[in-house]
Amino acid sequence: MSESNTALERAIRATNWRFLMLGGLALLGIAVLVAVALLQQRTDAERDRAIARQQHTFDVIMRANQLSGAIAGAEAALGRYVVSADKNLGQQYGDQWGRAGEQLARLKQITADNPAQQARIVRLKQAFDARGKELATTALYSTYKRHSDAWGSYYQVRLSPARTQLEQVLNEVVDAERVTLHDRTKAAADLLANSGLASRVLTGFGVLIVLGAVLLGWMAIEAQGDRAVADANAETERERSVELQRAVADATEQLRAEAAEREAAQEQLRQAQKMEAVGQLTGGIAHDFNNMLAVVLGGLELAKRHLHTGGPDAQRHIENAMEGANRAAALTRRLLAFSRAEPLLPEAVEAGALIDGMADLLDRTLGDGIAVATSDEGTGWRIWVDRHQLENALLNLAVNARDAMEGKGTLSFVTGGTSLAENQVGECAAGDYVTIEVGDTGMGMTPEVLARVFEPFFTTKPVGKGTGLGLSQIFGFVRQSGGEIGIDTAPGKGTRVTLYMPRHLGEARAEAAPASEGVPVYSGRPLEILVVEDDPRVLTATLGALKELGHQAMGCDDPHAAPGAIATLRSLDLIVSDVLMPGQTGPEMIAALGDRIDGVAVLFVTGFAGEADAAMFGGRTVLRKPFTIAGLAAAVEEAMAQEARRSGRVAAA
């Protein structure tokens, strides 16, 4: 189809080009005809002017000859008058000499356009007047009957200088006109010759134009034929294109049907894999939760026995139960972070200090068979990360390392810093990175295991001994924080997992930062607090904890009822709100209250935040569920201090 269209376009362009040339030749032919007509007109005009000039020359010569004849006739009549003394002959002489004067006047008139001839005419007039005086004297002798004097005078003036001068000037006038006649005749001949040459050239050019027009016309007709052929070919190609489109549509429909069948088969396969993954996940989570619940239930039962018997170990058993519950809460947070349901609450963290603070947790988790070695290369670089998520990630790596070493070996934590080029490790951007290396002396991994290590639900542990979420959860957290993971391992040589986290140039937040001078902070006085929580058990527990801390707390189980509850309070210092509630979220409720809670601190409590991120909380304090009374007290103090700092900035502005 494209080749046919191309051929048709070429034929159209060729035809257009020929027609344009044909039009140009037609215009050129018209121009030649106009030039020939103008040349012929100019030639005719010049010819007419040449003829007129020749006629003028003939008139001058004729007038000069007539003047000469008239003078000769007058002299002859005077001779006859002198011989016969006949008065009639005398009258005839007078008439002849008068006509000669008229011829001289006419000759002067017709030579007025020729200055040279005019000069000769002046001389001719002088000679004519002188000759006239001589002849008039002779005639007077005859008139007065002095015949002998008349004869003598007549013979004397026949060869006088005046006569010679008159004849000489007349000859000069005639000769000059003959020369002029010769020049004008030659000029007319040259003009006719040049006009003929130009006419022949233009005629030849016109013939060439006619031949070119004929040739181009033939080429245009041929191109029109080619265009017709191209049109026919294009129509054929269009028909073939329609057939091909129909065939493609049929093939596409068949492929869609086959794709639908494959999609159905793949959906069945995915469903089977999902069910297998769910079974594996359920077994692993059940195993972990059973271990934690065993600690909780066993510790609470032992504490209950010792409370009844007054034994001294009740406190220790309660602490064991709380540790098991905290581990269960940590597992829940791992699952939420893996599913992106729990938001990251980043802060500036120094990795070496964080690992040092995890020493007791690592010792209790790993057991006595694992020796923990830490090393900080002293760069002092910080990272912007969720502290609790990083702790969970490192604890996950530690537990995986313990299992790889089968409970005996050395676990090392090495922190430092490095500068990476773009894509030097994974998909990381170029820049400075804090490195956290977790190494073990375990069995290592094969290349096949390493290739799948970040897949969700993939595990090498027996069924019911693990969820397969450990490294995949760590991978998601690190990528979510803008970092990358590198693994160096080989069978029998242990494993080193390195986290590359982007360097943060801000200051690390201290665990208990003192208040700034001049900024009002929470003074420890009892607070008026509104608690908004839709779960009645959590609401009761939160109210009880706040009252235990010495505060005045009022409960509200519906975020839409919060404005009415606030209206009943005489004063309000703090709002403690759950994040996800039916009908309205906690951040939406706070935003809707607007100016009515100016100067009131806000503390968000969450165990599941859906798609929320840190930005939706507006920089306010967030407390994770489950929490202890001590954690609640610290969060309340932090929320009050944060509101005091914000109010201080507003007042200063």
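## Two buried glutamates, one long helix and a cavity

At 2% relative accessibility, E177 counts as buried, because the cut-off for that label is under 20%. Keep in mind that this is a predicted model. E177 sits in helix 5, which runs over residues 161-309. Which residues does E177 touch, once its neighbours within four places in sequence are left aside? They are T57, V60, I61, N114 and Q117.

Now jump to another glutamate, E643. Its home is helix 15, covering residues 629-652. E643 has a relative accessible area of 8%, so this residue is buried as well. Setting aside neighbours within four places in sequence, its contacts are G599, V600 and A601. Here are the two side by side:

| Residue | Helix | Relative accessible area | Contacts beyond four places in sequence |
|---|---|---|---|
| E177 | helix 5 (161-309) | 2% | T57, V60, I61, N114, Q117 |
| E643 | helix 15 (629-652) | 8% | G599, V600, A601 |

Two of the residues that E177 contacts, N114 and Q117, lead us to helix 3. N114 caps the N-terminal end of this helix, with a side-chain oxygen 3.2 Å from the backbone nitrogen of A116. Q117 belongs to the buried set in helix 3, along with Q118, I121, L124, A127, F128, R131, G132, L135, T138, A139 and S142. Look at the spacing of those numbers as you read along. An α-helix has 3.6 residues a turn, so residues three or four places apart point the same way.

How far apart are the end C-alpha atoms of helix 3? They are 41 Å apart. Helix 3 has 29 residues (115-143), and at 1.5 Å a residue it should span 42 Å, so the two values agree. Just after the helix, K145 takes a positive phi of about 65°.

What about empty space inside? A search of the whole structure turns up 3 cavities of 30 Å³ or more. The largest cavity has a volume of about 50 Å³, and its lining is made of E350, A351, G352, D376, T379, G380, W381, T415, G416 and V434. Helix 7 (351-357) and strand 4 (409-420) are the elements that give two or more residues to that lining. Sorted by class, the lining has 3 nonpolar, 5 polar and 2 charged residues.

Finally, zoom out to the whole chain. It has 15 helices and 12 strands, and of its 653 residues, 36% count as buried. Among contacts between residues at least 6 apart in sequence, 74% join residues at least 24 apart.

How values were computed:
Residues numbered from 1 in each chain as written. Predicted model: local features only at pLDDT ≥ 70, side-chain atom pairs only at ≥ 80, totals over all residues. Heavy atoms only, no water. Buried < 20%, exposed > 50% of the residue type's maximum accessible area, 1.4 Å probe, protein only. Contact = heavy atoms within 4.5 Å. Expected span 1.5 Å × (residues − 1). Polar contact = N/O pair within 3.5 Å; in protein donor to acceptor, adjacent residues only side chain to side chain. 1 Å grid on protein atoms, 1.4 Å probe; cavity = no way out; pocket = protein on both sides within 12 Å on 5 of 7 lines; lining within 4 Å. Points joined across faces, edges and corners; volume = space filled by probe spheres on them. Nonpolar A, V, L, I, M, F, W, Y, C, P; charged D, E, K, R; others polar.
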